[in-house]
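Me: I'm new to this one. Could you walk me through how to read it?

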Amino acid sequence: MEQRLSAITLGVADLKRSRQFYEAGLGWRASTASQDGIVFFQLGGLVLALYPRPALAEDAAVPDASAAGFAGITLAYNVRSRDDMATILALAVKAGATLLKPAQEVFWGGYHGYFADLDGHAWEVAWNPFWPLDPDGSVRLPDG
């Protein structure tokens, strides 16, 4: 099996509202591959999809345990400089996100904070001086 992640699909309560959060709120652009029941965003070599949560649970053949709480996963958005942190966190909160953790120093030498999107998905916004971003926004690990 090749080492890769192709897509992340977030189960959302209200597809239209979530699409507005990512498009109007964060300034992202949905792909023309999006359809009435699913929204796609091209994120470099990765796709982020928004899909109604009950339909996603049904598709995966698991119960929809939509109770609020930590789902055991976070998504990360790395910024190019430490100074970008406050801007990105403020943009997300202005768009309706909940600030989970304000920007702060991290034990590993970087700077980060967290917000939750409209469906409670936790996003880390991080500046990592050891993971510089390529011009296209791709992260390159030291041995990658």
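Me: Which residues make the nonpolar surface patch?
Reply: Patches join residues with over 30% relative accessible area and no salt bridge (a side-chain nitrogen of Lys or Arg within 4 Å of a carboxyl oxygen of Asp or Glu); nonpolar side chains are linked within 5 Å, like charges within 9 Å. Here Phe130, Trp131, Val139 and Leu141 make a patch of about 360 Å². Areas are Shrake-Rupley values with a 1.4 Å probe, and only the protein chains shown count as cover.

Me: Can I trust all that?
Reply: This is a predicted model, where local features need pLDDT of at least 70, side-chain atom pairs count only at pLDDT 80 or more, and totals for chains, interfaces and linings use all residues. Numbering starts from 1 along each chain as its sequence is written, and side-chain values use heavy atoms, without hydrogens or water.

Me: What is the strand order in the open sheet of 4 strands?
Reply: Strands (E, at least two residues) and helices (H or I, at least four) are DSSP runs numbered from the N terminus, and two strands pair if DSSP finds at least two bridges between them. The order is E4-E7-E6-E5, with mixed pairing. Strand E4 (75–78) and strand E5 (98–105) are the edges, each pairing on one side only. E4 and E7 pair in the parallel sense over 4 bridges, and Tyr77 stands opposite Val125 in E7.

Me: And which strands stand at the edges of the E1-E3-E2 sheet?
Reply: Strand E1 (7–12) and strand E2 (39–43) each have a single partner strand, so one side of each lacks a neighbour in the sheet. E1 pairs with strand E3 (residues 46–52) in the parallel sense over 6 bridges.
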